[in-house]
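Student: Please take a close look at the charged side chains and the partners that they meet. I should like one connected account, with distances and accessibilities where they are available.

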Amino acid sequence: MALERQVRAKIAGKRDLEKDKEAQYWVEEVLGEKFPAGVLYEDALRDGLILCKLINKLEPGAVAKINTSGGQFKMMENINLFQQAIKKYGVPDLDVFQTVDLYEKKDIAQVTSTIFALGRACYKHPEFNGPFLGPKPADECKRNFTDEQLNAGQAIIGLQAGTNKGASQAGQNIGAGRKIILGK
C-alpha cells in the first residue's frame, strides 16, 4: 500500500497546473468554445468529446463517429479514436497517453503532455493557421559533403579528447619508493 501511495505522489508531482491551463486555453481557442463552467480540466476531457472535436477541427473527418451518449465503454472508445487520429496527424506514439491515464485520472500530466505534442504537430501542417501550442519543432538541416571534403577530414587528428603529447610519468617520485624484502 505504501508503494502505491509513493507512485501516486510521484505522478501527482509531475503535474503542472500552469501547463494544464495553457493546454485548456489552446483547446478552447482552436475549438472556439469554452470548457463547461465549474468543471475541472480532467473531468471536461474525461469522456473524450472535447478531444474528438479538437482533432476534427485540426483534421476534418479524423474521427468519423463521436459517441455522445452511452456508458463507460463508449466514452473510452472516444479516447481511443482520438489517440488513433492524432497518431495519423503526426504525434509520435511515445507522446500519446494511455486511455486509463485520462479516463481513470491516473496521469493527467501525460494527457497534458499529449495535448502539447499535438500542438507541436500543428506546425507541420501548413493548412493550420494557429493558434499554436509549444515550441516549433526544428526542421531537418541536411548537409551534403563532397568526397574530397570527407577525405580531407580523415587527415585531421581530432583533439576532442585532448592530447597526450609530451606526457609521461618520468621523474615522478612521490614519497619513498617501494621496498620488497625477500627471505625474511
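Tutor: In this predicted model, glutamate 33 has a relative accessible area of 39% and is therefore partly exposed, because that class covers values between 20% and 50%. Lysine 53 is also given a relative accessible area of 39%, so this residue counts as partly exposed. The two side chains meet in a salt bridge, with a nitrogen-to-oxygen distance of 3.5 Å. This pair links distant parts of the chain: glutamate 33 belongs to the loop between α2 (17-31) and α3 (41-45), whereas lysine 53 sits in helix α4 (residues 49-58), 20 residues apart from it. The distance of 3.5 Å satisfies the criterion because a salt bridge requires a side-chain nitrogen of Lys or Arg within 4 Å of a carboxyl oxygen of Asp or Glu. By this rule, the count comes to seven salt bridges.

Another of these pairs is formed by lysine 87 and aspartate 93, whose side chains meet at 3.1 Å, N to O. Lysine 87 has a relative accessible area of 40% and is thus partly exposed. Aspartate 93 reaches 53% relative accessibility and so counts as exposed, since the limit for that class is over 50%.

A further pair joins aspartate 95 to arginine 120, with a salt-bridge distance of 3.6 Å from N to O. Here too, distant parts of the chain are linked: aspartate 95 lies in the loop between α5 (72-89) and α6 (99-103), and arginine 120 lies in helix α7 (residues 108-121), with their positions 25 residues apart in the numbering. Aspartate 95 is partly exposed, its relative accessible area being 22%; the value lies above the 20% under which a residue would be called buried. Arginine 120 is likewise assigned to the partly exposed class, at 27% relative accessibility.

The surroundings of arginine 120 deserve a separate description. Apart from neighbours within four places in sequence, arginine 120 is in contact with Asp95, Leu133, Pro135 and Pro137. Asp95 in that list is thus also the salt-bridge partner of arginine 120. As for Pro137, the C-alpha atoms of arginine 120 and proline 137 are separated by 6.6 Å, although the two residues stand 17 residues apart along the chain.

Key
Residues numbered from 1 in each chain as written. Predicted model: local features only at pLDDT ≥ 70, side-chain atom pairs only at ≥ 80, totals over all residues. Heavy atoms only, no water. Helix = DSSP H or I, 4+ residues; strand = E, 2+ residues; numbered from the N terminus. Buried < 20%, exposed > 50% of the residue type's maximum accessible area, 1.4 Å probe, protein only. Contact = heavy atoms within 4.5 Å.
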